[in-house]
Structures are given as structure tokens and as C-alpha cells.
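Visitor: I should like a close look at a single part of this protein, the disulfide and its surroundings. Please describe the residues that take part and then place them in the wider fold.

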Amino acid sequence: AGPSAAAAARLRDGAPGAFLWFDHLSKAGGTSFCKFARKNVGMKNTPRYYCMPSDRADIPGTDGRVGRWTAAEIKDYVTKTGHRVVASEWDAFPDAILKNGFRDDAVLATVVREPLDRLVS
């Protein structure tokens, strides 16, 4: 089962813990999506680096790997930061996590782009 219809309503209402998970496909509008998200929820409610949280590793360029986080790590991050948008460029939303209390919290989104346009970009 995917996210519930209540998740979108909770996100619109600004309910604590509700967030939008953006699965970012490379060269498919991630920067534009992040700008759009920031206009709608505010800069302070999005991670600084292209809406992708840092994975807190000491390895440069490892932001956007939050799809590898556990349910507890994601919930803790959203709670502590107040971020309403979380983008992941490398891993899709772990669907097993929906069974762990995220069904009414996570709204899932992505942008699909025509492949030739992606190549030219």
C-alpha cells in the first residue's frame, strides 16, 4: 500500500511530521523542482543543497542518499529540522518504510523527462 490520501492533506495543513519525498532523476528537473518547493514551503523548510539532506558522511558529494536511511533516521531528521521537502537523488523511497508509520506522513513525487531532452541537457 502506498501513501494514504491523508498524507497530502496533512502536508497542505503543515501537520508535524508530514513531508514531501522527491525522487530526483538526474537531469530531469530537480533544480527547478527544488526552486518550486522553496517558493511554496519556504527556504528554511527545505535542505540547503538542492533540497537533498546531507547524509552526514565525511565524504564530499554524498548528499541525496537518504533512501538508505532507516525509518527512524528519516523521522528524526524531519522532526529535528522541520523540513517539509526531502529529495533523494540516488535511492528511491524505501517502500517498506511506508509500513513503519509513514503512510500518513510521506507524499511521494518525481519528475519524468523525455529521454532525448535529458541527454541534450
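Guide: Cys34 and Cys51 are both buried. In this predicted model, a disulfide joins Cys34 to Cys51, with an S to S distance of 2.0 Å, and the structure holds 1 disulfide. Cys34 lies in helix α2 and Cys51 in the loop between α2 and α3, so the pair ties together parts that are 17 residues apart in sequence. The torsion about the S-S bond of Cys34 and Cys51 is about 85°, and the disulfide is therefore right-handed.

The backbone on the loop side of this link deserves attention. Most residues other than glycine have a negative phi. Cys51, although not a glycine, has a positive phi of about 65°. Tyr50 is likewise not a glycine, and its phi is positive at about 50°. Tyr50 has its place in the loop between α2 and α3, and Cys51 is found in the loop between α2 and α3 as well. Their accessibility can be set side by side: Cys51 has a relative accessible area of 2% and is buried, whereas Tyr50, at 45% relative accessibility, counts as partly exposed.

The helix side of the link leads to the aromatic residues. A pair of aromatic rings is described by the distance of the centres and the angle of the planes. The structure holds 3 aromatic pairs. One of them is formed by Phe22 and Phe33, which are stacked at 3.9 Å centre to centre with 10° between the planes. Phe22 belongs to strand β1 (residues 19–23) and Phe33 to helix α2, so this pair ties together parts that are 11 residues apart in sequence. Phe22 and Phe33 are both buried. Helix α2 thus takes part in a disulfide through Cys34 and in a stacked pair through Phe33.

Another aromatic pair has a different geometry, as its angle shows: the rings of Trp69 and Tyr77 have their centres 5.5 Å apart and their planes at 65°, so the pair is edge-to-face. Both Trp69 and Tyr77 are buried.

Phe33 also leads to an open space in the model. Rolling a probe the size of a water molecule over the atoms shows where empty space is left. The second largest pocket has a volume of about 160 Å³. Its lining includes Phe33, Phe36, Ala37, Asn40 and Val41, together with Leu11, Arg12, Leu20, Arg84 and Val85. Helix α2 (30–41) gives the most to the lining of the second largest pocket, with 5 residues. Both α1 (5–12) and α2 supply at least two residues each to that lining. By character, the lining of the second largest pocket divides into 7 nonpolar residues, 1 polar residue and 2 charged residues.

Two further contacts in space concern the stretch before α2. Gly29 is found in the loop between β1 and α2, and with a relative accessible area of 28% it is partly exposed. The C-alpha atoms of Gly29 and Arg113 are separated by 7.7 Å, although the two residues are 84 residues apart along the chain. Arg113 has its place in the loop between β3 (106–110) and α4 (115–120). At 31% relative accessibility, Arg113 counts as partly exposed. Lys27 and Arg113 are 86 residues apart in sequence and 8.1 Å apart in space, C-alpha to C-alpha.

The wider fold may now be stated. The protein chain has 4 helices and 3 strands, and along the sequence they follow the pattern α-β-α-α-β-β-α. Of its 121 residues, 41% count as buried.

Finally, the confidence of the prediction bears on how these details are read. The protein chain averages a pLDDT of 82, and 88% of the residues score at least 70. Confidence is highest in α2, at a mean of 90, and lowest in α4, at 68. Where pLDDT is low, the predicted coordinates should not be read in detail. The helix that holds Cys34 is α2, the element with the highest confidence in the protein chain.

Definitions and conventions
Residues numbered from 1 in each chain as written. Predicted model: local features only at pLDDT ≥ 70, side-chain atom pairs only at ≥ 80, totals over all residues. Heavy atoms only, no water. 1 Å grid on protein atoms, 1.4 Å probe; cavity = no way out; pocket = protein on both sides within 12 Å on 5 of 7 lines; lining within 4 Å. Points joined across faces, edges and corners; volume = space filled by probe spheres on them. Nonpolar A, V, L, I, M, F, W, Y, C, P; charged D, E, K, R; others polar. Phe/Tyr/Trp six-rings, centres within 6.5 Å; stacked < 30°, edge-to-face > 60°. Buried < 20%, exposed > 50% of the residue type's maximum accessible area, 1.4 Å probe, protein only. Disulfide = S-S within 2.5 Å. pLDDT = per-residue confidence, 0-100.
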